[in-house]
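Reader: Got a minute to go through some helix packing with me? Pull up the model and let's start.

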Amino acid sequence: MSRVVLAGAGDDLRARVSSAVDGDVQDLPPGRLPADPARFFELLAGGELPDVLLVGPLVPAHEVLTLAGRLDVQCPGISVVLVAEPSPEMWQAAMRAGIRDLLAPGADPAEIAAAVDRAGAAAADRRRVLRPLEETARFTGRVITVASPKGGVGKTTAATNLAIGLTAAAPQSTVLVDLDVQFGDVAYALGLVPEYTLPDAVHGPASEDTMVLKTFLTQHPSGLFAVCGSESPAAGDTVTGEDVTRLLAALSREFRYVVVDTAPGLSEQTLAAIDRATDVIMLSSMDVPGVRGLRKEMAVLGELGMIPAGRHVVMNLADPKGGLSVRDVEVAIGCGVDVVVPRSPAVPTSTNQGVPILAGDRKDPAAKEFRRLVSRFAATPLVKPGRYRAKHRAAS
């Protein structure tokens, strides 16, 4: 039986849908349907993604078409069924947005059940064949995306120290991309004053020629290269998921390691970076809100089939006085923790000075754990991207 989420339905349609799917449906509260898939995910009970999103006539058509188009690109494992008058114009707009089926407003439960079954089967088929290995085989470098559902957990600290460590292990091998498109601060964390930023790297001549792109990178004294964040939130908003995909593809053909620092949550840009990643570092602070957020994020990515073969769980800001043990965290998220970085006064000091803790010869416990993180990549050969596409693999 497909998991169904219903939006924009009146009492009569709600009753018919419930009858059609034997009551196995989540009915979203009245209100606007978010155009951003990440915002849509936040409305879902328990963070579990549906197979089918069925949208009733109480949602304006343009809102449905906008969300459906983005889901078709970012989350093709979800099929959308729209309840609307099936005019030729509506059919055309629906097909362009990737909507699976149209149902007349007066459709009976049998017709609704048949449409849901078709849409659910299509969703299952697409999840099985999404992003086969052959499609991404041309990528040669490791793309390591650092992601977390919440801010303030040290993503930039982890990303900059990982990139510095990889550069030390293999000089001129690494590029760090600041993908927090609105408020990225990789440049500050590295003490850099960039001439060019992320929007420059994805637009204009740099987006068309790899040699030009390399001239748009900022070089750190260590030999690390960086694509620094935009100068303003407005400029950052011009960077799309497609821009990110092209940028990471180009950089991974030129560098052994591409480290990506992302914004909190699952934005369009972050989903694009995870989709192209050979490795994802799932980062959380070692507290209840952070761990709960991480569990939800991992569940969403698992349902989307977007957890790559290289998954690395890192607990940052660990404090033995916090009341949580590593075992508590592992039970909560359903998998092992790979690296535990203790809270250390040396880390914020290094960030404020623009000198990553691994850039110096520090023997701080946090530096030791960041070196452990670096060793997970520097000590292993390059691998081509691989995806956990089946549910039992995504949950492992």
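Reader: At what angle do α14 and α15 pack?

Author: About 35 degrees, in what is a predicted model. Helix α14 covers residues 288–304, helix α15 covers residues 326–333, and their axes are 9 Å apart.

Reader: Is that crossing left-handed or right-handed?

Author: The crossing of α14 and α15 is right-handed.

Reader: Which residues meet there?

Author: From α14, Val291, Leu294, Arg295 and Met298. They meet Val329, Ala332 and Ile333 of α15.

Reader: How many of those are nonpolar, polar or charged?

Author: The contact of α14 with α15 has 6 nonpolar residues and 1 charged. No polar residues take part.

Reader: Next pair. How do α12 and α13 cross?

Author: Helix α12 is residues 241–252 and helix α13 is residues 268–275. Their axes cross at roughly 30 degrees and come within 8 Å.

Reader: Why call α12 roughly parallel to α13?

Author: Because angles under 35 degrees count as roughly parallel. With a crossing of roughly 30 degrees, α12 is therefore roughly parallel to α13.

Reader: And the handedness of α12 on α13, left or right?

Author: α12 passes α13 in a right-handed crossing.

Reader: Which side chains should I click on? I mean, which residues make the α12 and α13 contact?

Author: In α12, pick Gly241, Val244, Thr245 and Leu248. In α13, pick Glu268, Gln269, Ala272 and Ala273. By class, the contact of α12 with α13 has 4 nonpolar, 3 polar and 1 charged.

Reader: Now α7 and α17. What's the angle?

Author: About 55 degrees, with the axes 9 Å apart. Helix α7 runs over residues 155–169 and helix α17 over residues 365–378. That angle makes α7 oblique to α17.

Reader: Which residues are in contact?

Author: On α7, they are Thr157, Ala158, Asn161, Leu162, Gly165, Leu166 and Ala169. On α17, they are Phe370, Leu373, Val374, Phe377 and Ala378.

Reader: How many charged residues in the contact of α7 with α17?

Author: There are no charged residues. The contact of α7 with α17 has 9 nonpolar and 3 polar. The crossing of α7 and α17 is right-handed.

Reader: Switching to rings. What lies over the face of Phe255?

Author: Lys214 does, at 5.8 Å from the ring centre.

Reader: And how many aromatic pairs?

Author: The count comes to 2 aromatic pairs, taking ring centres within 6.5 Å as the cut-off.

Key
Residues numbered from 1 in each chain as written. Predicted model: local features only at pLDDT ≥ 70, side-chain atom pairs only at ≥ 80, totals over all residues. Heavy atoms only, no water. Axes fitted to C-alpha atoms, helices over the stretch in contact; angles between N-to-C directions. Helix = DSSP H or I, 4+ residues; strand = E, 2+ residues; numbered from the N terminus. Parallel < 35°, antiparallel > 145°, perpendicular 65-115°, else oblique. Left-handed = near helix turned anticlockwise from the far one by under 90°. Contact = heavy atoms within 4.5 Å. Nonpolar A, V, L, I, M, F, W, Y, C, P; charged D, E, K, R; others polar. Phe/Tyr/Trp six-rings, centres within 6.5 Å; stacked < 30°, edge-to-face > 60°. Lys NZ or Arg CZ within 6 Å of the ring centre and 35° of its normal.
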